[in-house]
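Work through the exercises below with the model open. Try each task before reading its solution.

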Amino acid sequence: MSLSPESRVGEIAARHPLATRVFARHGIDFCCGGGVALADACAKREIDPAGVLQEIEREITSPGADLATRNWQEAPLGDLVVHIVERYHDPLREELPRLEAMARRVFRVHGDKDPERLGALLESFLRLKSELDEHLHEEEESLFPSLLLAAAGQPSQVASFVDDHTRVGQELHRIRELTDDFRVPAEACNTWNALWHGLAALETDLHEHIHLENNVLFPRAAAA
Ligand SMILES: [Fe+2]
Ligand SMILES: [Fe+2]
């Protein structure tokens, strides 16, 4: 596929997984905001789409690019599901409680320095966590087995998971705003610093994770 500013962000990410590195660098949402054209996504971030296209070309034509990522458009669907669970779900179950403990600690110890922001951040994180706890469980217990068994999932069932993803994306966006794009404040202690880095990594992983579900797994299962 030739890439242009009119190409949709989610489609670029699905066909060229390494392009997601470029999107992550520029804060372009390729999972829940995947339906928009690259030009519109760039306008939102106030960056030049031509420059972004050049960076994508460099990533996808770099030596070893083919080996760096498996082509999930073609791998067996069962392998993709196992990959999603092992690479994203299992680590989330460890990471979310760790981040919760840090967010509570930072609020408890430093809440007086910036009460509104740190309080809103803790609330936002807890909403995200409870949404994800239930979501991961339902995907593994209900959605993924039915996608694999029936090949074509119930469209309405998939739609409610896509809605969850949209809410997760909105919460991540709020967290990015509340952390000032994950810029660590000068007065931050070690836990505060680790929390900001942990939240940035959480965003990157969730964007990749949701992208694989919204733009690869669900369309492939619907077409099977
Ligand atoms: Fe998932
Ligand atoms: Fe999901």
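Three exercises on a predicted model follow.

**Exercise 1. Domains**

State how the chain is divided and how far apart the domain centres lie.

Solution. Start with the bounds. Domain 1 covers 9–68, and domain 2 covers 77–223. Next, take the centres over C-alpha atoms. They are separated by 21 Å.

**Exercise 2. The side of domain 1 that touches domain 2**

How many residues of each domain are in contact with the other, and which helices supply the domain 1 side?

Solution. Apply the contact cut-off first: C-beta atoms within 7 Å. By this test, 10 residues of domain 1 meet 11 residues of domain 2. Then assign the domain 1 side to helices. Helix 1 (9–15) and helix 2 (19–26) each supply at least two residues. Helix 1 gives the most, with three residues. Finally, sort this side by residue class. Six residues are nonpolar, three are polar and one is charged.

**Exercise 3. The largest nonpolar core**

Find the residues with the most contacts inside the largest nonpolar core, then work out where this core lies relative to the domains.

Solution. The largest nonpolar core has 52 residues. Val9, Ala103 and Leu195 have the most contacts inside it. Now check one of them. Leaving out residues up to four places away in sequence, Ala103 touches Leu121, Leu122, Phe125 and Leu195.

Turn to the helices. Those that each supply at least two residues of the core include helix 3 (38–45), helix 6 (77–110) and helix 9 (190–223). Helix 9 gives the most, with 12 residues.

Last step: location. Domain 1 and domain 2 both give residues to this core, so the core lies between them.

Note on methods:
Residues numbered from 1 in each chain as written. Chains lettered and ligands numbered in written order. Predicted model: local features only at pLDDT ≥ 70, side-chain atom pairs only at ≥ 80, totals over all residues. Domains from an automatic or database assignment. Contact = placed C-beta atoms within 7 Å. Helix = DSSP H or I, 4+ residues; strand = E, 2+ residues; numbered from the N terminus. Nonpolar A, V, L, I, M, F, W, Y, C, P; charged D, E, K, R; others polar. Core = buried A, V, L, I, M, F, W, Y, C linked by C-beta atoms within 7 Å. Buried ≥ 20, exposed ≤ 12 C-beta atoms within 10 Å, placed from the backbone.
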